[in-house]
Amino acid sequence: MTPRFSFSLHMTDGKARSGIISTPRGEIRTPAFMPVGTAATVKAMMPESVRATGADVLLGNTYHLMLRPTAERIDRLGGLHKFMNWERPILTDSGGFQVMSLAELRKLTEEGVSFRSHIDGSKHMLTPERSMEIQRLLGSDIVMCFDECPALPASHERIAESMRLSMRWAARSRDAFGDRPGHALFGIQQGGDEEDLRGESAEALRAIGFDGYAVGGLAVGEGQEVMFQVLDYAPDMLPADKPRYLMGVGKPDDIVGAVKRGIDMMDCVLPSRSGRTGQAFTRRGVVNIKNARHQEDPRPLDEGCSCPACRNYSRAYLHHVFRAQEIISSMLLTWHNLHYYQELMQGMREAIAEGRFAAWESTFHAERARGDIDPL
Ligand SMILES: [Zn+2]
C-alpha cells in the first residue's frame, strides 16, 4: 500500500500551531521553513549540507526547471529528487508567479499564460493542465495549483477579477492532477488585502477540496503591516485540519509573525540570496560582513551558533573572503543563514509544544533590539 500524504496537528498555542506532515519521502515538522532550490540546487550548498541545517523539505521552481533543463529531461533522468540528489520531500510552485515576474512578452488569457523565455526568447505556454504535467514529471511531492496575482496595492475590482480567474484555474488544476496517492495538491487563496475576497476565495477552494492550502498574493510589495493585517484573518478562513502555507515569506520577523497567526509552512530565497551578498541573519539582527568593523575581529559571527561558519571561522575571515570574492564566502554565509532559519523554526516548534510561544516571541524581539555585538 502506498503511504498517504497526511497532516497531524499536535499542539496549538494561541493561533500558533505545531504538527507533522507525513509523506512517503519523510516527515516535515511544522512550522517548517523550506529553502529554495530554484534551478535544482540551493545555491552554494550541497544537498547533505542543506539537510544538516535541519531542513525537511525543499522548494523547486517550475518556471526555471521547465525552461532549463526541461521537465521532460528531468523525468527521463529519473525525476528531480534523483537528479539533484535530494531524497526528502520537494514542493514545487506552479510557475504562475515567476512567469508573471520574469518572463517576457506575457499574454494572459482564460486558457493560461503564453510567454517568451527570459533565457533564450523561446515561446512557451503555461496552463493549469501544463503546470500539473510539469510538476508530475518533476516528481514533486507537494504540487501547487496554477494561479496568478496582482502586485499590491491594486483596486478591489482588479484583485477580484484575478482571484476569480485563479479559482477557475484551481478547479482545472484539481481535475488535471487526478488521483495520485502519496502526492499532495495545495490550493492557493487569493484576494490581496480585501477581506471579502479572501473569504470568497477560501470558500471556492474548500468546495473543490485540497490536501493543503496556501495564502498567496502576499509578499508582493505590500509591506509587513498590511501582510500581518491580512494574516490576522486569512488563515482562519482555511480548513484547520490541513497545512497552511504562506508563499515567499520572508524575513525572520515576518516568519515569526506568520507562525503566530497560524501559518505552518513558508519558503523564501532570502537566507540563501543574502548569504551571497554578505548579509548574515543572527539572533541579534542582520550583520553586514562587508563592513570594515569586522576586518580584524577574531570572534565568530554568532557565538551561540553551531554552524560550520561560526564554529570554525572568524568575522575577520568571513570579511576577507567576501571582499576577495572567494566562493567559500557564499558557502559559509548561506550555511549560517539556513542554519539560523532552521533554528528559528525549531525554537518556535518547541515553544508551541510547551505552550510558551508568547514568552519565546518576546525574547526573540528583545535579542534583535539589542543589535549586533559591540565592535572591538
Ligand atoms: Zn552560524
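# Chatting through a two-domain chain

Me: Is C305 buried or partly exposed?
Reply: C305 counts as partly exposed, because it has 18 C-beta neighbours inside 10 Å. Buried would take 20 or more. Keep in mind that this is a predicted model.

Me: Where is C305 found?
Reply: C305 is in the loop between β16 (285-288) and α12 (308-312).

Me: And what is C305 in contact with, leaving aside neighbours within four places in sequence?
Reply: C310, H336, H339 and Y340.

Me: Which residues does the UniProt "binding site" annotation cover?
Reply: According to the UniProt entry, which is unreviewed, the annotation covers C305, C307, C310 and H336. These four span 32 residues in sequence, but no two of their C-alpha atoms are more than 8.2 Å apart, so they gather at one spot.

Me: What about C310, then: buried or exposed?
Reply: Buried, because C310 has 24 C-beta neighbours inside 10 Å. C310 has its place in helix α12. Leaving out neighbours within four places in sequence, C310 is in contact with P300, L301, D302, C305 and H336.

Me: OK, zooming out. How is the chain divided?
Reply: Into domain 1, covering 6-268, and domain 2, covering 275-369. Taken over C-alpha atoms, the domain centres are separated by 27 Å.

Me: How many residues of each domain are in contact with the other?
Reply: There are 25 residues of domain 1 in contact with 22 residues of domain 2. On the domain 1 side, β1 (6-13), β2 (16-23), β4, α1 (47-52) and α10 (252-260) each supply at least two residues.

Me: Which of those gives the most?
Reply: α10, with five residues on the side of domain 1 that touches domain 2. By class, that side has 14 nonpolar, six polar and five charged residues.

Me: Sticking with α10, how many of its residues are buried?
Reply: Seven of the nine, so the helix is mostly covered. The buried residues in α10 are P252, D254, I255, V256, A258, V259 and K260.

Me: What comes just after α10?
Reply: G262 sits just after α10 and takes a positive phi of about 100°.

Me: β1 and β2 came up too. In which sense do they pair, parallel or antiparallel?
Reply: Antiparallel, over seven bridges. S6 stands opposite S22 in β2. The hairpin of β1 and β2 has two residues between the strands, and G14 in this hairpin takes a positive phi near 65°.

Me: What does β2 pair with besides that?
Reply: Strand β3 (residues 26-30), in the antiparallel sense over five bridges. β2 and β3 form a hairpin with two residues between them, and I20 stands opposite R29 in β3. As for burial, β2 is mostly covered, with six of its eight residues buried.

Me: New topic, the open sheet of eight strands. What order does it have?
Reply: The order is β4-β14-β13-β12-β11-β10-β6-β5, and the pairing is parallel. The edge strands are β4 (32-35) and β5 (58-60), each of which pairs on one side only. Ignoring direction, neighbouring strands of this sheet are turned by 25° against each other on average.

Me: So β4 shows up twice?
Reply: Yes, β4 is an edge strand of the sheet and also one of the elements that supply at least two residues to the side of domain 1 touching domain 2.

Me: How many bridges are there between β10 and β11?
Reply: Three, between strand β10 (residues 142-144) and strand β11 (residues 184-189), paired in the parallel sense. V143 has L185 in β11 as its bridge partner. Helix α7 (residues 156-177) packs on the sheet and touches β10 and β11, with its direction making about 175° with that of β11.

Me: Last one, D232. Where does D232 lie?
Reply: In the loop between α9 (223-231) and β13 (244-246). β13 is one of the strands of the eight-stranded sheet. D232 counts as partly exposed because it has 13 C-beta neighbours inside 10 Å.

Me: And how far apart are D232 and R4 in space?
Reply: They are 31 Å apart, C-alpha to C-alpha, and 228 residues apart in sequence.

Notes:
Residues are numbered from 1 along each chain as its sequence is written. This is a predicted model: local features need pLDDT of at least 70, side-chain atom pairs count only at pLDDT 80 or more; totals for chains, interfaces and linings use all residues. Two strands pair if DSSP finds at least two bridges between them. Helices (H or I, at least four residues) and strands (E, at least two) are DSSP runs, numbered from the N terminus. Axes are lines fitted to C-alpha atoms, for helices over the stretch in contact, and angles run from 0 to 180 degrees between N-to-C directions. Two residues are in contact if their C-beta atoms, placed from the backbone, lie within 7 Å. A residue is buried if 20 or more other C-beta atoms lie within 10 Å of its own, exposed if 12 or fewer, and partly exposed in between; C-beta atoms are placed from the backbone. Domain bounds come from an automatic or database domain assignment. Ala, Val, Leu, Ile, Met, Phe, Trp, Tyr, Cys and Pro count as nonpolar, Asp, Glu, Lys and Arg as charged, and the others, Gly among them, as polar. UniProt positions are given in the numbering used here, feature names are shortened, and annotations may be inferred rather than shown by experiment.
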